[in-house]
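Hi everyone, thanks for squeezing me in. I'd like to walk you through one model today, helix by helix, and finish with a pocket. Have a look at it first.

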Amino acid sequence: MLIKIFIKDQINVNNIKKRKNMRIKFIPKTFLGKLSVILIMAFLFLFIIFQLLVFAGQRGGETFFDNLLLTIPIFLAGIFAIAAFVTGLISIIKNKERAVLVYIITLIGLFILWFVVGEIVVPH
């Protein structure tokens, strides 16, 4: 009888330890998770630069590369967003990253990848 009570207590202690480890985290802990955050911040910075240039009066031409002042920031922003998707996905799968921010960044990167592939497959 005493052994049963001791075993039940041990099982309950193990469950409590598991629950503490299962807390929802917002900030990533792994290197690749942190790198995906940095890459998506670079994407947002370059996207804002692009929007400011358009607001200032810059216009594109017939092709994507006609106005390099607009092409360079948006091209780099797309590369950074897709890189954030890849590093976030690797971080989630390989390193078992469970931070909410990495999941959000991975979804944003997937959306940008979907948009870029759509623009390449079905151009205007």
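Okay, let's start with α4. This helix has 22 residues, and from its first C-alpha to its last it reaches 32 Å, close to the 32 Å you'd expect at 1.5 Å a residue. Keep in mind, by the way, that this is a predicted model.

So which residues of α4 are buried? They are Leu 101, Val 102, Ile 105, Thr 106, Gly 109 and Ile 112. Now imagine looking down the axis of α4: those buried residues fall within an arc of 130 degrees, so they line one face of the helix. And what do they pack against? The buried residues of α4 pack against α2 and α3. If you turn to the face pointing away from that buried side, you find the exposed residues Leu 107, Phe 111, Trp 114 and Val 121.

Next up, α3. We can do the ruler check here too: with 26 residues at 1.5 Å each, α3 should span 38 Å, and its end C-alpha atoms are 37 Å apart, which agrees. The buried residues of α3 include Leu 70, Pro 73, Ala 77, Gly 78, Ala 81 and Phe 85. Part of what covers the buried residues of α3 comes from α2 and α4.

Let me zoom in on one residue, Leu 46, which sits in helix α2. Is Leu 46 buried or exposed? Its relative accessibility is 13%, and the cut-off for buried is under 20%, so Leu 46 counts as buried. Setting aside neighbours within four places in sequence, Leu 46 is in contact with Pro 73, Leu 76, Ala 77 and Phe 80. There's also a nice pair to find on your screens: Leu 46 and Ile 74 are 28 residues apart along the chain, yet their C-alpha atoms are separated by 6.6 Å.

Last stop, the pocket. The largest pocket has a volume of about 920 Å³. It is lined by 26 residues, and the closest to its centre are Phe 50, Phe 64, Ile 74, Phe 115 and Glu 119. The elements giving two or more residues to that lining are α2, α3 and α4. Which of them gives the most? That's α3, with eight residues. As for what the lining of the largest pocket is made of, it divides into 17 nonpolar residues, seven polar and two charged.

That's my tour, thanks for listening!

Conventions
Residues are numbered from 1 along each chain as its sequence is written. This is a predicted model: local features need pLDDT of at least 70, side-chain atom pairs count only at pLDDT 80 or more; totals for chains, interfaces and linings use all residues. Side-chain values use heavy atoms; hydrogens and water are left out. On a 1 Å grid over the protein atoms alone, a cavity is a set of points where a 1.4 Å probe fits but cannot get out, and a pocket is an open set with protein on both sides within 12 Å along at least five of seven lines; lining residues have an atom within 4 Å of a point. Grid points are joined across faces, edges and corners, and a volume is the space filled by probe spheres set on the points. Helices (H or I, at least four residues) and strands (E, at least two) are DSSP runs, numbered from the N terminus. Ala, Val, Leu, Ile, Met, Phe, Trp, Tyr, Cys and Pro count as nonpolar, Asp, Glu, Lys and Arg as charged, and the others, Gly among them, as polar. The expected span of a helix is 1.5 Å times one less than its number of residues. Buried means under 20% relative accessible area, exposed over 50%, partly exposed in between (1.4 Å probe, protein chains only). Contact means heavy atoms within 4.5 Å. The arc is that of the directions from the helix axis to the C-beta atoms.
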